[in-house]
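Hi everyone, thanks for making time today. I'd like to walk you through a structure that is new to most of us, so please have a look at it first.

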Amino acid sequence: MNADMRRRAVAIVSAALLVIVAVGAIIWAMLLPEPWRDVPYNATNGTDAQSSSGSEHPEFTGPDKYDLLNAWNNLHTGLGREVLEDGVVSDDELAEVRTAYNECLSVYGLQAQPVDGGEGEVIVTVRGSIGSQEKNEIIRQCGVESDYVTLRDVASKDGGHPSLSVEMPGL
């Protein structure tokens, strides 16, 4: 066998091995788990996976359908789901969620107080002392975990909820 034939044989074997490795890599990649397939598309906290309507999330309709579904998927509490299930956040419902928000804040010695005749709110320290960075993190955490931030945003889209015109610090 001369050198030319040897080079040709090596090139053919190399190309064949390259094809076999590529096909093997594709098959291996297809066998890998696809974690995004099992991700739920609606919020659950383990206590109430379904709404009272029997579906995993309400069938929102109208121009705000996707905003409401996004809000639903960001809820953390059963109370938040009850409030948003009909797609509207009333003043009374928002007050109920604000109470849960204040209960969370009170653990850290903070409280949300209305200002300007209820057109806004300010977070005040009612006991202890806390740094502004830590205070802002607590405000953010309580706002998210109580669903107040999400439902406040939904309420503000429902026609300019008067108590939401002033932003809270840190959110």
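Which residues in the largest nonpolar core touch the most other members? Before I answer, please keep in mind that this is a predicted model. The core has 23 residues, and the ones that touch the most other members are Leu84, Val89, Tyr101, Leu105, Ile123 and Leu151. Two or more residues come from each of these elements: helix 2 (65–73), helix 3, helix 4, strand 1, helix 5 and helix 6. Helix 4 gives the most, with five residues. As general background, nonpolar side chains in soluble globular proteins tend to be buried together.

Let's take Leu84 as an example. Leaving out residues up to four places away in sequence, Leu84 touches Phe60, Leu68, Ala71, Trp72, Leu75, Val89, Leu151 and Val154.

Now on to helix 4, which covers residues 91–107. Its 17 residues reach 25 Å from the first C-alpha to the last, close to the 24 Å expected at 1.5 Å a residue. Which residues of helix 4 are buried? They are Glu93, Leu94, Val97, Tyr101, Asn102, Cys104 and Leu105. These buried residues pack against helix 3 (78–84), strand 1 (110–115), strand 2 (120–125), helix 5 (132–145) and helix 6 (148–157). If you follow the chain just past helix 4, you come to Gly109, which takes a positive phi of about 80 degrees.

One of those buried residues, Cys104, brings us to the disulfide. The structure holds one, and it joins Cys104 to Cys142, with the sulfurs 2.0 Å apart. Cys104 lies in helix 4 and Cys142 in helix 5, so the pair ties together parts that are 38 residues apart in sequence. The torsion about the S-S bond is about -70 degrees, so this disulfide is left-handed. Cys142 is buried, with a relative accessible area of 0%.

Next, the charges. Side chains of opposite charge can pair when their charged atoms come close. How many salt bridges are there? The count comes to four, and I'll show you some of them.

One is between Glu121 and Arg98, whose closest N and O atoms are 3.5 Å apart. Glu121 sits in strand 2 and Arg98 in helix 4, so this pair ties together parts 23 residues apart in sequence. Glu121 is buried, with a relative accessible area of 8%.

Another pairs Glu137 with Arg140, with the closest N and O atoms 2.7 Å apart. Both residues lie in helix 5, three residues apart, or about one turn of the helix. Glu137 is partly exposed at 38% relative accessibility, and Arg140 is partly exposed too, at 35%.

Then there is Asp153 with Arg152, where the closest N and O atoms are 3.8 Å apart. Here Asp153 counts as partly exposed at 34% relative accessibility, while Arg152 is buried at 7%.

I'll finish with a charged residue in helix 5, Lys135. What is the nearest side chain of opposite charge to Lys135, and how far away is it? It is Glu134, 11 Å away, and Lys135 is buried yet has no salt bridge. Setting aside neighbours within four places in sequence, Lys135 is in contact with Leu110, Ile123, Val124, Thr125 and Ile130. You may recognise Ile123 from the core residues at the start.

That's my tour, and thanks for listening!

Note on methods
Residues numbered from 1 in each chain as written. Predicted model: local features only at pLDDT ≥ 70, side-chain atom pairs only at ≥ 80, totals over all residues. Heavy atoms only, no water. Helix = DSSP H or I, 4+ residues; strand = E, 2+ residues; numbered from the N terminus. Expected span 1.5 Å × (residues − 1). Buried < 20%, exposed > 50% of the residue type's maximum accessible area, 1.4 Å probe, protein only. Contact = heavy atoms within 4.5 Å. Lys, Arg positive; Asp, Glu negative; His and termini not counted. Core = buried A, V, L, I, M, F, W, Y, C linked by side-chain atoms within 4.5 Å. Disulfide = S-S within 2.5 Å.
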